[in-house]
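Subject: Structure for you to look at

Hello,

Here is the structure I said I would pass on. My notes follow below it.

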Amino acid sequence: MTDARQGLTGLLDTEAIRKDFPILDRTVHDGKKIVYLDSAATSQKPRQVLDALNEYYERHNANVHRGVYTIAEEATALYEGARDKVAAFINAPSRDEVIFTKNASESLNLVANMLGWADEPYRVDRETEIVTTEMEHHSNIVPWQLLSQRTGAKLKWFGITDDGRLDLSNIDEIITEKTKIVSFTLVSNILGTVNPVEQIIRRAQQVGALVCIDASQAAPHMVLDVQALQADFVAFTGHKMVGPTGIGVLWGRQELLEDLPPFLGGGEMIETVSMHSSTYAPAPHKFEAGTPPIAQAVGLGAAVDYLSAIGMEKIHQHEKAITEYAVKRLLEVPDLRIIGPATAEDRGATISFTLGDIHPHDVGQVLDEMGIAVRVGHHCARPVCLRYGIPATTRASFYLYSTPAEVDALVDGLEHVRNFFG
Amino acid sequence: MKLESMYQEVILDHYKHPHGRGLRDGDAEVHHVNPTCGDEITLRVKYDGETIADVSYEGQGCSISQASASVLNELLVGKELSQAQKIQDAFLELMQSKGQLEPDDAMEEVLEDAVAFAGVSKYPARVKCALLSWMAWKDATAKALSEGKTA
């Protein structure tokens, strides 16, 4: 044990937790145990979630909201039960405010399209403005660019400071009376920054703009309370929070979901249909056209149960300790530059860095040979790389199963990388 | 160790000491990117009739993409277009071989230093890095041809 590891507090019992994640026992490249440091891309799945998926398909599989037979009713109860679990997990005032989507990207696209087709007072058109930030994942930039191109609305954004924070110094010029929607990330997927929600929401409320929060990197890692956040929409995805792929969530305030028009049309989202026109089911079904990802929703329900049983606050404390340790250890590596906040304050468990002139691809390849899985590239946040004048970064991200020993393995690995290309 | 099969000495050597790097006068210029990793290259070709007078380039990227551009420069400059196309075809075949192709003497004769990339073909995520400059060269040549700059 290195000296730096002493005094780490708030760590979870990772020995017990890791037993729930079968993949963490895997070895690669001739018996090297996998060191998985890419949870910001997708988390690993515990046995409890895998079992829920299996159990659903083996015992209850049927389409939802249709059949009168036993297993169809079971499938519906499981699917809607997952909605209850998610609603409780994010402290939603009503379960009807939880819309299941395919992923966070679909959730954000859904908001953009609701507003694009909306009537007054929500309508986005050439007289209005859309606000996002330079720190976003592409999934919270491109839908707004599309909306801007299609409606003529002006797209504006907050820049980033040198130390990886949102530059809110000109907030009154960015968010104005013309602003219809402000969409930003709660936690950056590349910099790890936790953004000051309150200040942005206060300004948005002043001018009557709606607020959409991308919580993809927050929901897995901290207590997410949509009522405390005071946003109008919150989007996140299941696969980053120990759930399966193919299931995302959009939470929206009830009166907005009632007022705003549907985007995708089809089965499930209707009330009555004639050849001339249709009326729509109430939310959330209005926004869930077609057979939904049933098994995936059930899996997400199991994921929420798993995380809640451990406790989101405890998970947050664990990651905070790991992040503090990782920042400290990484800064010991010669030529390593952290891209983003250089302290563990107001930051999530995601750390991007460059290593001298060694390209992140090469860093990642050599680390892989040692069994260490990191993400390399621009992390679907190319504007951030452009902002810092770098082509790409190497990113290590941690979760409830990450250990200080894995941080040490990364630091040792980086030493090996330096020697290899030195 | 598998890693050394990818990072051959000759590749690391080209990476550290690239041939013909920098942009010079050309008949056509292209800019190619590898969207998955952010590697970029700007490449110019200069023809003297059917002969490749120069391939100049600038860019940023990993050792594989940078070394590959250097090898391309070394291999193609001075060659006739038809011969260069044969080399490009052979390199493409090697890179798409998923590590199954053991370069024989004939291939080695055509590809020279570029056979060192055989190991890269085992890594699907890196094949695009190795091909970046070659695709840019092909594109730039097509552009130069369509603009009638070569004979």
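In which sense, and over how many bridges, do strand 15 and strand 18 of chain A pair? This is a predicted model, and in it strand 15 (residues 350-355) and strand 18 (residues 393-397) of chain A pair in the antiparallel sense, over four bridges. Within that pairing, Phe353(A) is placed opposite Thr394(A) of strand 18.

Helix 11 (residues 312-330) of chain A packs on the sheet, where it touches strands 14, 15 and 18 of chain A. The direction of helix 11 makes about 5° with that of strand 15. Helix 12 (residues 360-369) of chain A also packs on the sheet, touching strand 15, strand 17 and strand 18. The direction of helix 12 makes about 160° with that of strand 17 of chain A.

As for the sheet itself, it is open and has four strands in chain A, in the order 14-15-18-17, with antiparallel pairing. Its edges are strand 14 (336-339) and strand 17 (375-377), each of which pairs on one side only. From one strand to the next, the twist averages 30°.

Helix 11 of chain A has a helical partner as well. Helix 11 and helix 14 (residues 404-421) of chain A pack at an angle of about 20°, and their axes are 10 Å apart. Angles under 35 degrees count as roughly parallel, so helix 11 and helix 14 of chain A are roughly parallel to each other. The crossing of helix 11 past helix 14 is right-handed. On the helix 11 side, the residues that meet helix 14 are Ile322(A), Tyr325(A), Ala326(A), Arg329(A) and Leu330(A). Helix 14 meets them with Pro404(A), Val407(A) and Val411(A).

Next, the contact between the chains. 13 residues of chain A are in contact with 13 residues of chain B. On the side of chain A that touches chain B, helix 12, strand 17 and helix 13 (382-387) each supply at least two residues. Helix 12 of chain A gives the most to that side, with four residues.

One item from chain B. Helix 3 (residues 63-76) of chain B has 14 residues, which at 1.5 Å a residue should span 20 Å; the end C-alpha atoms are 20 Å apart, so the two agree. Helix 3 of chain B is mostly covered, with 13 of its 14 residues buried. Just after helix 3, Gly78(B) takes a positive phi of about 95°.

Regards

Definitions and conventions. Residues are numbered from 1 along each chain as its sequence is written. Chains are lettered from A and ligands numbered from 1 in the order in which they are written. This is a predicted model: local features need pLDDT of at least 70, side-chain atom pairs count only at pLDDT 80 or more; totals for chains, interfaces and linings use all residues. The expected span of a helix is 1.5 Å times one less than its number of residues. A residue is buried if 20 or more other C-beta atoms lie within 10 Å of its own, exposed if 12 or fewer, and partly exposed in between; C-beta atoms are placed from the backbone. Two strands pair if DSSP finds at least two bridges between them. Axes are lines fitted to C-alpha atoms, for helices over the stretch in contact, and angles run from 0 to 180 degrees between N-to-C directions. Two residues are in contact if their C-beta atoms, placed from the backbone, lie within 7 Å. Angles under 35 degrees count as roughly parallel, over 145 as roughly antiparallel, 65 to 115 as roughly perpendicular and the rest as oblique. A crossing is left-handed if the near helix is turned anticlockwise from the far one by less than a right angle, and right-handed if clockwise.
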